[in-house]
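Please walk me through the open spaces in this protein model, and explain which parts of the chain line them.

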Amino acid sequence: MARTVSVIADNIISPLGMSSQQNYESVLQYRSEVRLHADIEGLAEPAMVSMLDKGSIAVEASRYSIPESFTFFETMVALSIRKALENADVDATSPRTGLVLSTTKGNVSLLDLRQDYRKYSPENDCDREQRSLVGESALRIASYLGNPNTPLVVSNACISGVCAEIVAARQIADGAYDDVIVCGCDVQGLFIISGFQSFKAISSNPCRPFDSERDGLNLGEAASTVILSGTKNGKWHIAAGAIRNDANHISGPSRTGEGSFRCLDAIYSDKDVNDLAFVGVHGTSTLYNDEMESIALSRAGMSDVPLNALKGNFGHTMGSAGVLESIISMKAAENGVVLATKGFQSMGVSCPVNVSAEHRITDRRSFIKLLSGFGGCNAAALFTMDEKEFECDAASKELETIHEVVITPESIVLDEATLPSEGEGKQMLDAAFKNYVGGYAKYYKMDTLSRLGFLASELLLKDEKERFSPRDDRAVVLFGSTSSLCNDRNYQATIQDPQNYFPSPALFVYTLANIVTGEIAIRNKYLGETSFYILPAMDEDVMTGTFKQTFMDKSVGSAVTGWLDCRSDSLFEARLKLVRLKK
């Protein structure tokens with residue numbers, strides 16, 4: 001079935017305001033709260049960050065009776081959702097209302113041994129690592145809202161917010177829910193900031209997207225919510241969405257803009273670019289990202305379409321970025337404005353794009369939100385004021401399983417046959433790789449989660465005759481509960497001791513759960529959808545529904561999918577299968 005997916009309410013909480021309107025008006029006034037912070041505990045050097053005032057948030061949280069046992073991250077999510085719900089005729093307690101969260105690192109700061117995590121678990125119901133898991137947060141937020149459904153967390157690096165909007169639109173179009181609450185949030189601290197510093201990606205000046213003098217990004221924190229509905233009408237509608245991998249590199253974008261171009265092509269190749277008010281780009285102000293986006297826009301025939309980037313106003317808000325920037329873009333377009341790109345002065349990309357340092361006017365009624373991120377992931381969504389059904393195929397396609405593999409610390413079972421193995425835990429994984437795969441030295445650079453997923457995928461795909469040629473019809477859709485905990489722990493150890501402070505970029509990149517999907521895509525040259533979802537625990541119904549909804553993308557013909565979880569080098573589980581459309 002196809003349905004119109006409307007945006008019926010929204011909220012943004014950021015250093016620029018406590019509502020979407022306040023934030024929009026701040027952007028109109030060219031405001032930014034990005035500034036140099038030298039007082040973030042443990043940082044070896046100051047960082048340009050837009051940070052929220054925790055005192056003001058605490059006052060607001062008390063008005064909504066948000067539990068004191070909530071972490072700052074959870075408080076932000078709950079507060080933004082409650083503020084959005086005030087403007088929507090939606091029952092959060094209904095089984096017909098879904099909950100989708102978007103974040104990259106959630107409560108990762110709780111891994112810092114200097115943090116007193118027990119104040120967030122007064123009932124002593126879990127340990128520090130368990131309390132840090134974003135699935136744990138999602139459950140608490142769902143309980144606070146009285147929502148009876150299993151919450152779904154999208155963890156696709158920097159594209160998570162747009163992915164969450166696309167996933168929610170699919171849920172509505174498929175009839176799984178009538179309404180879906182989508183909230184994106186990330187808060188900044190030592191873990192994240194030190195990681196980006198280790199990559200030398202953070203500028204010591206206000207960022208300048210697409211400018212010839214750009215020298216890096218600024219970080220920011222925010223919580224942003226949209227409430228989507230298939231039964232109620234709003235001003236704005238999500239008309240299409242696409243998620244694509246560029247199969248290039250886990251920490252660097254394709255030099256040809258492959259993933260972003262394919263997203264744009266998937267949602268707009270059959271439409272008139274002159275109907276677009278603008279493209280809201282990722283615009284991180286890093287050398288390669290802005291260059292890649294300019295190439296992708298040129299390839300898509302959109303060089304003359306106005307574009308803007310909002311990182312100069314908010315900083316890079318990570319899991320919140322896609323939702324926040326969609327909301328600001330909706331506000332701008334409905335008021336006939338193409339917002340300026342704060343920090344831009346002179347063109348600094350090889351393919352000139354239509355970017356401006358000043359606000360401009362428009363009479364167009366639609367725009368595209370475009371994002372890219374680590375792991376080779378890219379996403380784009382089309383928003384329009386014209387009432388249109390969400391473009392997709394039916395999710396009820398008939399599928400068949402080709403191969404299945406189950407890997408535990410003690411054994412490997414492929415299609416119900418137990419393979420000979422040596423040792424246990426990570427040692428067994430490495431021995432199995434050597435015996436059954438080999439010839440791919442990059443395997444030994446991966447974290448344990450990626451090794452587990454990579455090995456499982458290799459066993460599933462080993463008999464395929466046509467491998468390693470670019471293909472865009474295969475998705476990689478994985479689920480887990482512990483995310484990248486195993487490597488988060490390893491990275492935290494490099495920044496825990498102020499006397500032995502050594503943030504490692506090689507470790508930091510693997511603190512994103514979706515990197516494993518990128519490794520699989522790069523190995524096999526998969527240019528289709530790649531996604532990683534976090535659940536509180538394995539839930540076959542949610543996994544099956546979400547996975548099948550991936551096939552609503554008209555390009556998907558097969559997928560590697562299943563459960564992938566890694567708590568430590570000796571405690572992990574992979575239950576993956578290769579599935580295709582039934583012939």
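## Two pockets and their linings

About 610 Å³ of space lies in the second largest pocket of this structure, which is a predicted model. The lining of that pocket is made up of 36 residues, and those nearest its centre are Ala201, Ser251, Pro253, Thr286 and Phe374. At least two lining residues come from each of helix 9 (287-299), strand 15 (366-373) and strand 16 (377-384), with helix 9 supplying the largest share of the lining, four residues. Sorted by class, the residues that line the second largest pocket are 15 nonpolar, 16 polar and five charged.

The largest pocket, to which we now turn, holds about 1,000 Å³ of space. It is lined by 40 residues, and the closest of these to its centre are Lys54, Phe72, Gln115, Tyr120 and Gln188. Two or more residues of this lining are given by each of strand 2 (35-37), helix 2 (54-63), helix 3 (72-85), helix 7 (190-198) and helix 14 (485-496).

Which of these elements gives the most to the lining of the largest pocket? That element is helix 2, which gives five residues. As for the chemical character of the lining of the largest pocket, 20 of its residues are nonpolar, 11 are polar and nine are charged, whereas the lining of the second largest pocket has 15 nonpolar, 16 polar and five charged residues.

Conventions. Residues are numbered from 1 along each chain as its sequence is written. This is a predicted model: local features need pLDDT of at least 70, side-chain atom pairs count only at pLDDT 80 or more; totals for chains, interfaces and linings use all residues. Side-chain values use heavy atoms; hydrogens and water are left out. On a 1 Å grid over the protein atoms alone, a cavity is a set of points where a 1.4 Å probe fits but cannot get out, and a pocket is an open set with protein on both sides within 12 Å along at least five of seven lines; lining residues have an atom within 4 Å of a point. Grid points are joined across faces, edges and corners, and a volume is the space filled by probe spheres set on the points. Ala, Val, Leu, Ile, Met, Phe, Trp, Tyr, Cys and Pro count as nonpolar, Asp, Glu, Lys and Arg as charged, and the others, Gly among them, as polar.
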